[in-house]
Amino acid sequence: MTKEVIIQKRKLFIESYGCAMNFADSEVVASIMNEVGIETTQHEMEADIIFINTCSIRDNAEQKIRHRLRHLRHNKKQNKNLTIGILGCMAERLKKQLLEEEKLVDIVAGPDSYRELPQLLQEVEGGHKAMNVILSLEETYAEIQPSRLNSNGVTAFISITRGCDNMCSFCVVPFTRGRERSRNPESIIEEARDLVEKGYKEVTLLGQNVDSYLWYGGGPRKDFDKLTDDEKKESVNFAALLEKVAQVDSNLRVRFSTSHPKDIHDQVLHVMKKYDNIAKHIHLPAQSGNSRILEKMNRTYTREWYINKYNRIKELIPECSVSCDIITGFCTETEDEHQDTLSLLRECPFEFSYMYYYSERPGTLAARKFEDDVPEDIKKRRLAEVIKIQHEIANKLNSTQVGKIHEVLIEMQSKKNENEWMGRNEQNIKVIFPKENFNMGQFVKVMIDRSTTTSLIGRGISLVKKEFN
Ligand code: SAH
Ligand code: SF4
Ligand code: F3S
């Protein structure tokens with residue numbers, strides 16, 4: 001089967017689950033497929049290839065995908081030639097097992113094998129099932145220009161690292177995404193420039209742990225102190241990269257995520273402070289407020305250390321918002337230790353948090369070494385308590401913004417009201433306001449009149465003075 005035959009026949013629908021990195025990867029996949037003449041479609045019934053880019057982070061993430069696959073049987077009945085591919089973390093975690101368990105799946109492709117997708121498709125055309133789940137030490141898809149999918153033309157993701165070397169004991173990511181590696185800074189800057197030329201107004205630099213970004217000329221990551229003098233001279237760390245991206249265009253708003261508390265240093269905070277166009281928000285997952293649990297999680301910091309980091313951010317950049325991830329009911333967590341998480345929320349008020357109860361993931365250190373001994377109803381009750389306090393705090397923080405003016409980038413029409421815009425302020429809080437004469441992609445000064453737990457509501461006053469506004 002030649003590439004041309006694929007070109008004539010095929011339309012691809014990609015559906016993504018999980019974190020922003022998976023969504024960014026789907027855009028790399030779309031670009032690889034476009035190269036061999038396969039166009040993407042937004043309508044699944046029109047597609048003859050469906051790729052599902054999957055997440056394994058918690059059991060319910062995988063269940064959701066299993067459920068979706070059951071629905072796809074219907075599509076396959078309608079179109080006998082339909083090819084179904086499972087990409088991403090669940091593909092990597094389950095490998096061949098996925099082909100055995102889910103009979104309608106034709107392709108299983110892990111996160112580092114997307115360049116092979118055209119070949120895998122050809123194998124399927126030849127009547128075989130096809131799989132590639134080899135993880136790489138080098139692959140960063142650096143030179144591939146992502147095809148922006150479902151884009152609003154205003155905000156875009158740029159991947160800067162892949163994989164994770166941290167080995168938090170609860171987490172499946174190091175197994176599904178492999179070793180951490182940083183992408184060539186030139187290709188990152190090039191992508192940011194290209195987005196500016198295309199009219200984008202905001203980029204988010206993505207990695208599981210962006211602050212450990214380190215480029216020194218190629219190859220898998222080494223610690224800075226293990227580099228040769230020459231490598232050190234040409235090396236670029238995250239603070240330097242962030243500065244380079246901020247310099248691409250002073251009108252481009254720059255965000256980044258996620259920051260591991262152990263790796264975000266003053267140097268990064270100083271760069272944030274120096275550049276007006278770097279949004280003042282840090283996603284700084286704590287996971288727990290208790291030092292014994294943090295040690296068991298292998299997070300490599302204590303409660304006190306986390307609080308100091310939080311305070312340092314506020315000291316250097318008082319207007320910076322901080323958001324968090326919390327897990328309740330991790331192995332052996334006692335009621336008192338759970339109380340420490342609640343008190344951390346009070347001590348370090350977060351503008352918002354993503355909160356979960358612990359879900360054991362096969363193969364992780366916690367699954368192998370610790371008993372998942374907190375009953376599910378207790379995990380869920382603790383989660384409800386965490387959510388309640390976090391909502392109270394977010395409500396309070398948001399209410400202090402009433403009467404203040406925020407710079408908001410318009411991202412889309414509000415989901416609830418077609419006469420209103422939805423945008424975000426620098427602190428990454430949603431802001432809703434009447435459309436009036438404002439347009440998508442404009443930075444607007446908005447006076448805040450009201451607030452809820454998750455958003456600020458106000459009215460546009462004027463455009464922010466920028467070249468393109
Ligand atoms: N790299 C990021 C997080 C990636 S996963 C970091 O280090 O913080 C996103 C979030 O999912 C984690 O922060 C954690 O709160 C949650 N998570 C990961 N594994 C989990 C598990 N086994 N059970 C419940 N939540 C989990
Ligand atoms: Fe998972 Fe920890 Fe890596 Fe985040 S830093 S991806 S939680 S192992
Ligand atoms: Fe999920 Fe993989 Fe992201 S497990 S959270 S899609 S890295």
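Begin the tour by selecting ligand 3 in this predicted model: sorted by class, the shell around ligand 3 has 5 nonpolar, 4 polar and 1 charged residues. To see which they are, display Cys19, Asn22, Thr54, Cys55, Ser56, Ile57, Cys89, Val173, Arg177 and Gln208, the residues around ligand 3. Now colour domain 1 (3–132) and domain 2 (155–397) separately; because both of them give residues to this shell, ligand 3 lies between the two domains.

Next, move to ligand 2, and keep Val173 and Gln208 on display, since these residues are also listed among those that surround ligand 2. The remaining residues to select around ligand 2 are Cys164, Asn166, Met167, Cys168, Phe170, Cys171, Pro174, His260 and Arg299. Taken by class, the shell around ligand 2 is made up of 7 nonpolar, 3 polar and 1 charged residues.

For the last stop, hide the ligands and select helix α13, residues 303–316, together with helix α14, residues 335–347, which pack at an angle of about 15 degrees with their axes 11 Å apart. An angle under 35 degrees counts as roughly parallel, and α13 is therefore roughly parallel to α14. Viewed as a pair, the helices show a right-handed crossing where α13 passes α14. To inspect the contact itself, show the side chains of Arg303, Tyr306 and Ile307 on α13, and those of Asp340, Ser343, Leu344 and Glu347 on α14. Coloured by class, the residues of this contact between α13 and α14 divide into 3 nonpolar, 1 polar and 3 charged.

Conventions
Residues are numbered from 1 along each chain as its sequence is written. Chains are lettered from A and ligands numbered from 1 in the order in which they are written. This is a predicted model: local features need pLDDT of at least 70, side-chain atom pairs count only at pLDDT 80 or more; totals for chains, interfaces and linings use all residues. Side-chain values use heavy atoms; hydrogens and water are left out. A residue is near a molecule or strand if one of its heavy atoms lies within 4 Å of it. Ala, Val, Leu, Ile, Met, Phe, Trp, Tyr, Cys and Pro count as nonpolar, Asp, Glu, Lys and Arg as charged, and the others, Gly among them, as polar. Axes are lines fitted to C-alpha atoms, for helices over the stretch in contact, and angles run from 0 to 180 degrees between N-to-C directions. Helices (H or I, at least four residues) and strands (E, at least two) are DSSP runs, numbered from the N terminus. Angles under 35 degrees count as roughly parallel, over 145 as roughly antiparallel, 65 to 115 as roughly perpendicular and the rest as oblique. A crossing is left-handed if the near helix is turned anticlockwise from the far one by less than a right angle, and right-handed if clockwise. Contact means heavy atoms within 4.5 Å. Domain bounds come from an automatic or database domain assignment.
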